[in-house]
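This report follows one strand and its partners and then turns to a nonpolar core.

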Amino acid sequence: MNFNEYVGNVHLHTTCSDGTATHEEIARIAQSARLDFVIPTDHNVLAKGKGGWYERTLLLVGEEVHDTQRVPEVNHYLAFGIVKDVAPYAKDPQAVIDAVNAQGGFGFIAHPFEHGSSLVKEEAIPWIDWTVTGYTGLEIWNYMSEFKAHLPNMLQAVLLAYFPQAAMRGPFPETLAQWDELLRAGKVVAICGSDAHATTYRLGPLVREVFSYKYLFRASNLHILTEEVFNGQLDHDKEVVYKALKEGHCFTAYDLLGDTRGFRFTARSGAAEAIMGDEITLQSQILFEVSSPQWAHIRLLRDGTIVAHTRGKKLHYIAREEGVYRVEAYRRYLFRERGWVFTNPIYVRAPNSS
């Protein structure tokens, strides 16, 4: 199965809200990081007219919507594919989702679980309204969100401001558990977000820009697989990206631990083939294949439980049960296994199942 692979970074902020670079500057930085696309999502601001090709990088515009009047702050939603601001609906998460969908857009629950840090006055901003429906998926890993969880004291905060790789491990276990639980009821697409702001923090006499755009664009990225190639036309290429996100033809990657380009997770049943995000019908058996460009600890999970694992670049597994199958890959770095790749599932359905 041959697909085009494009690498992008989503959920980040510009000077239109609380970021420190303009859209044009972000596009240039993304291009230097070899990103194919980038999607800023400013807080309660839809920056119209900024989308387009900036030399070799496609910039699209989304919006991160939340109720700024609520204390404590919760329920951030990432909206894509919209043409009208949906911030007026921010007090009601379901109304936000409905307003996005009414425009033909789609969206993701942002950083659903968080751990705040009183040391740097960063409160946790989780998602708490799990009665909502109509969302496309979850942001299973948010780089800035995880970073906040590793700042228990001044010494560690200073260390990680200069060397964050020492702490970062990947998605929170509770986020993955929630995702697996939601997958029992139907399709839920997973993405990752850098949440880049390039904010300068001050701890006593020390002043440090924590997580520059350049750093984050080489760290946590979203890889999409598409049948169509970019042709340089904004409307066409925008739909190529959005289709991949909506269908779950993508995987979360920690490229800082090793380039993940070429990572593949596929399934075959007779003449039928599937990639991550697809459904496939179980006949007598399903052959799953995982191919990695780097040596890794590869795990295949069914309904949240590991059913096969290996250390290397290939995993083959024959399944005879329906279920939701997804892959996690880990690489060892600084004496610890750390999350490297998290694919969207392949959904194995029984014949004639609805």
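Which residue is the bridge partner of Asn221 in β14? The bridge partner of Asn221 in β14 is Ala253. The model is predicted, so that local features need pLDDT of at least 70 and side-chain atom pairs count only at pLDDT 80 or more, whereas totals for chains, interfaces and linings use all residues. Residues are numbered from 1 along each chain as its sequence is written, and side-chain values use heavy atoms, with hydrogens and water left out.

Strands here are DSSP runs of E with at least two residues, numbered from the N terminus, and two strands pair if DSSP finds at least two bridges between them. Strand β13 pairs with the two strands listed below.

| Strand | Residues | Sense of pairing with β13 | Bridges |
|---|---|---|---|
| β1 | 4–10 | antiparallel | five |
| β14 | 250–254 | antiparallel | five |

In the pairing with β1, Tyr6 stands opposite Ile224 of β13. Because seven of the seven residues of β13 (residues 220–226) are buried, this strand is largely enclosed by the rest of the structure; buried means under 20% relative accessible area, with a 1.4 Å probe and protein chains only. In a regular strand the side chains alternate between the two faces of the sheet. In β13, Ser220, Leu222, Ile224 and Thr226 point one way, while Asn221, His223 and Leu225 point the other way.

The largest nonpolar core (buried Ala, Val, Leu, Ile, Met, Phe, Trp, Tyr and Cys residues joined through side-chain atoms within 4.5 Å) has 111 residues, of which Val241 and Phe288 touch the most other members. Strand β18 (residues 286–302) gives the most to this core, with six residues.

Notes
Buried means under 20% relative accessible area, exposed over 50%, partly exposed in between (1.4 Å probe, protein chains only). Helices (H or I, at least four residues) and strands (E, at least two) are DSSP runs, numbered from the N terminus.
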